[in-house]
Amino acid sequence: MKRNTKTALITVCLLLTVAVVSAFAAAGGTSDPLASLSYLTGTFTDAVDRQVEEKLDASDQAIRTGTSGTAGGAVSTWTETRLKEGDVLTGSTGTGVLVLAGSGRVTFTGGAVVDVTTGTTVSSGASLSVNHRYLVAEDTTAAFTVTSKTAVVDYQGPYVFRYSGTTDYNAMAAALKTMHLFQGSFTGYGQGYDLEVAPTRMQALIMFIRVLGEEDEALAYTGTCPFKDVAAGSQSAKYAGYAYSKGYTNGYSADTFRPSQTVTASQFVEFILRALGYSSVETSNLSQTLSKALDNGVITQGELAALQSGSFLRADLVYVSYYALDAVVAGGGSTLRETLLDKGIFTAGEARQAAAMVTSQRK
């Protein structure tokens, strides 16, 4: 193990612990702190040193033996990762965890985990608050488990990841991005995927245009946009104006599109059905949209059940879009993937690279 890495970890642990102890001391008075400076610089330092060393050695051994479904080590700076439901980050003394998006819970059998943001300890089984920093205390091993479809997590210190076999929406987003069918937003974390939030009508329209293989045409559009609530001259106006001119959408009304309004599963799947040729802009009643998608092989029975329950998030938009590539286009024997490949939207190499990214099973 590298000495400078261990030293950095110890320093981080000390600084975070001093911050926590200071918060507790303020509540009880500086004349009677809950932990002395000599304890922090002596006993605590020795404990952190010993336990970080042990965890690093154990993690190195796990990596050397190629433990399936796990990865471990230690980092001295905050490191960001995308995780999926059921993934577990196990940390020990000095490990810091910060959930940037999504949800999770922490469990431990002894010791303590501190919410550094509030200066309080948390109970085992407690849900994690977004943008709160959690610190694993001395002689504690804690498991941080993702409970949402996806999550973005920052971590620091010794760690071991155990990955679940649940649906990997993160991999699907990366695969679609590799094929130029999905892009991130301006969000500064999680690669801008924003899989944890509900998609808007504009985002759904843009995805629809991409799976048609017509994004270049949309961005080159110079005509007018009839919708007053879409900023004139913006890129959004190009997408909306192009889609209207092609008869792909009528908008929310004759002169409004409501670009920021969130979409439902049925509304987005309707766009996918139109891209595949199984529906058109004349369809206004979407009550049978999901059933029609099932009948035409666009979604499975398991996906139908999933889309009919719970909130429709950008993770679901990515999922539906990814597997729609396997659906056969109406009136022909080619899949949507083959059609886009023939149009030159992505190369065969990019398609293979994207397929290799997604190893989870379809619902």
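How are α4 and α7 oriented relative to each other? The model is a predicted one, and in it the two helices pack at an angle of about 20 degrees, with their axes 9 Å apart. Angles under 35 degrees count as roughly parallel, and α4 and α7 are therefore roughly parallel to each other. Their crossing is right-handed. On the α4 side the contact is made by Ala204, Leu205, Met207, Phe208, Val211 and Leu212, which meet Phe268, Phe271, Ile272, Arg274 and Ala275 of α7. By class, the residues of this contact divide into ten nonpolar, no polar and one charged.

Before going further, the chain as a whole. Its secondary structure comes to twelve helices and ten strands. The chain has 363 residues, of which 48% count as buried. Among contacts between residues at least 6 apart in sequence, 73% join residues at least 24 apart. The average pLDDT is 86, and 81% of the residues score at least 70. Over residues 1-45 the pLDDT is below 50, and beyond near neighbours in sequence this stretch has 49 contacts in the model. Residues 58-68 also have a pLDDT below 50, with seven contacts beyond near neighbours in sequence.

Helix α7, residues 265-276, has a further packing partner in α10, residues 314-324. The axes of α7 and α10 come within 11 Å and cross at roughly 20 degrees, which makes α7 roughly parallel to α10. This crossing, too, is right-handed. From α7, the residues Phe268, Val269, Ile272 and Leu276 meet Leu317, Val320, Ser321 and Ala324 in α10. The residues of this contact comprise seven nonpolar, one polar and no charged. Phe268 and Ile272 appear in the contact of α7 with α10 and also in the contact of α7 with α4.

How much of α10 is covered? Eleven of its eleven residues are buried. Among them are Leu317, Val320, Ser321 and Ala324, the residues that meet α7. The buried residues of α10 also include Arg314 and Asp316, as well as Tyr319, Tyr322 and Tyr323.

Helix α10 also helps to cover α3, which spans residues 169-178. In α3, eight of the ten residues are buried: Tyr169, Asn170, Ala171, Met172, Ala173, Ala175, Leu176 and Thr178. What covers these buried residues includes two strands, β1 (70-84) and β10 (150-162). It also includes the helices α4 (201-212), α10 and α12 (348-357). Helix α4 is thus among the elements covering α3, and it packs with α7 as well. After α3 comes histidine 180, whose phi is positive, near 65 degrees.

A last stop is alanine 126, in strand β7 (residues 126-127). Is this residue buried, partly exposed or exposed? Its relative accessible area is 22%. Buried means under 20% and exposed over 50%, so alanine 126 counts as partly exposed. Leaving aside residues up to four places away in sequence, alanine 126 touches Gly104, Arg105 and Val106. Of these, valine 106 is 20 residues away in sequence, and its C-alpha lies 5.8 Å from that of alanine 126.

Key
Residues are numbered from 1 along each chain as its sequence is written. This is a predicted model: local features need pLDDT of at least 70, side-chain atom pairs count only at pLDDT 80 or more; totals for chains, interfaces and linings use all residues. Side-chain values use heavy atoms; hydrogens and water are left out. Axes are lines fitted to C-alpha atoms, for helices over the stretch in contact, and angles run from 0 to 180 degrees between N-to-C directions. Helices (H or I, at least four residues) and strands (E, at least two) are DSSP runs, numbered from the N terminus. Angles under 35 degrees count as roughly parallel, over 145 as roughly antiparallel, 65 to 115 as roughly perpendicular and the rest as oblique. A crossing is left-handed if the near helix is turned anticlockwise from the far one by less than a right angle, and right-handed if clockwise. Contact means heavy atoms within 4.5 Å. Ala, Val, Leu, Ile, Met, Phe, Trp, Tyr, Cys and Pro count as nonpolar, Asp, Glu, Lys and Arg as charged, and the others, Gly among them, as polar. Buried means under 20% relative accessible area, exposed over 50%, partly exposed in between (1.4 Å probe, protein chains only). pLDDT is the predictor's confidence in each residue, from 0 to 100.
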